[in-house]
Amino acid sequence: MGSVGTANVEVVRRLFELYESAGMEAALEVLDEQLVIVIPPELSAEPDSYHGHEGALRYFAGFEGMLEGIRYEALELFPEGEKVLAHIRLGGRGVSSGLEVDLEAFVVHTVRDGKVTSIVPYADLESAREAPG
């Protein structure tokens, strides 16, 4: 268990490092081709699912339209079996408002064979831990 959990945490850590240093295009290297990003109703007025690399790019492009100077960072990573729970902070400046935005969330990453196969954010730790699957 330890080694799988540790290896999976490293994959997710790399996702954040690649995104920070070179953007979403670079981060695709650790995202599975069949990736699914699911945005649950409690986090969005328009819950949605995004599929594959194209979906990941589309999802992150949404932030880029709303925020400039985006920071997407993992504050803490917890191995939970084949999943990795990330306590994340998303920050930036509102493009239209000019106001600083600082959101925290808990994101469940499923990792298989060294690639992230699903990403599901939750508003709080309890919801993330109780997530099905």
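**Exercise 1.** In which sense do strand β1 and strand β6 pair, parallel or antiparallel, and over how many bridges?

*Solution.* The model under study is predicted. Step one is to locate the strands: β1 covers residues 31–39 and β6 covers residues 115–122. Step two is to read their pairing, which is in the parallel sense and extends over three bridges. Step three adds a residue position: V36 stands opposite S118 in β6.

**Exercise 2.** Determine the strand order of the open sheet, and explain why β2 and β3 each have one side without a neighbour.

*Solution.* The open sheet holds six strands in the order β2-β1-β6-β5-β4-β3, and its pairing is mixed. Strands β2 (48–51) and β3 (67–80) stand at the edges; each has a single partner strand, so one side of each lacks a neighbour in the sheet. On average, neighbouring strands are turned by 20 degrees against each other, direction ignored. Helix α3 (residues 52–66) packs on this sheet, where it touches β1, β2, β3, β4 (83–94) and β6. The direction of α3 makes about 50 degrees with that of β1.

**Exercise 3.** Describe the largest pocket by its volume, and then by the residues of its lining.

*Solution.* The volume is about 540 Å³. Of the 25 lining residues, I39, L43, Y59, F63 and L90 are the closest to the centre of the pocket. The elements that contribute two or more residues to the lining are β1, β2, α3, β3, β4, β5 (100–112) and β6. Helix α3 supplies the largest share, six residues. Sorted by class, the lining comprises 19 nonpolar, two polar and four charged residues.

Conventions:
Residues are numbered from 1 along each chain as its sequence is written. This is a predicted model: local features need pLDDT of at least 70, side-chain atom pairs count only at pLDDT 80 or more; totals for chains, interfaces and linings use all residues. Side-chain values use heavy atoms; hydrogens and water are left out. Two strands pair if DSSP finds at least two bridges between them. Helices (H or I, at least four residues) and strands (E, at least two) are DSSP runs, numbered from the N terminus. Axes are lines fitted to C-alpha atoms, for helices over the stretch in contact, and angles run from 0 to 180 degrees between N-to-C directions. Contact means heavy atoms within 4.5 Å. On a 1 Å grid over the protein atoms alone, a cavity is a set of points where a 1.4 Å probe fits but cannot get out, and a pocket is an open set with protein on both sides within 12 Å along at least five of seven lines; lining residues have an atom within 4 Å of a point. Grid points are joined across faces, edges and corners, and a volume is the space filled by probe spheres set on the points. Ala, Val, Leu, Ile, Met, Phe, Trp, Tyr, Cys and Pro count as nonpolar, Asp, Glu, Lys and Arg as charged, and the others, Gly among them, as polar.
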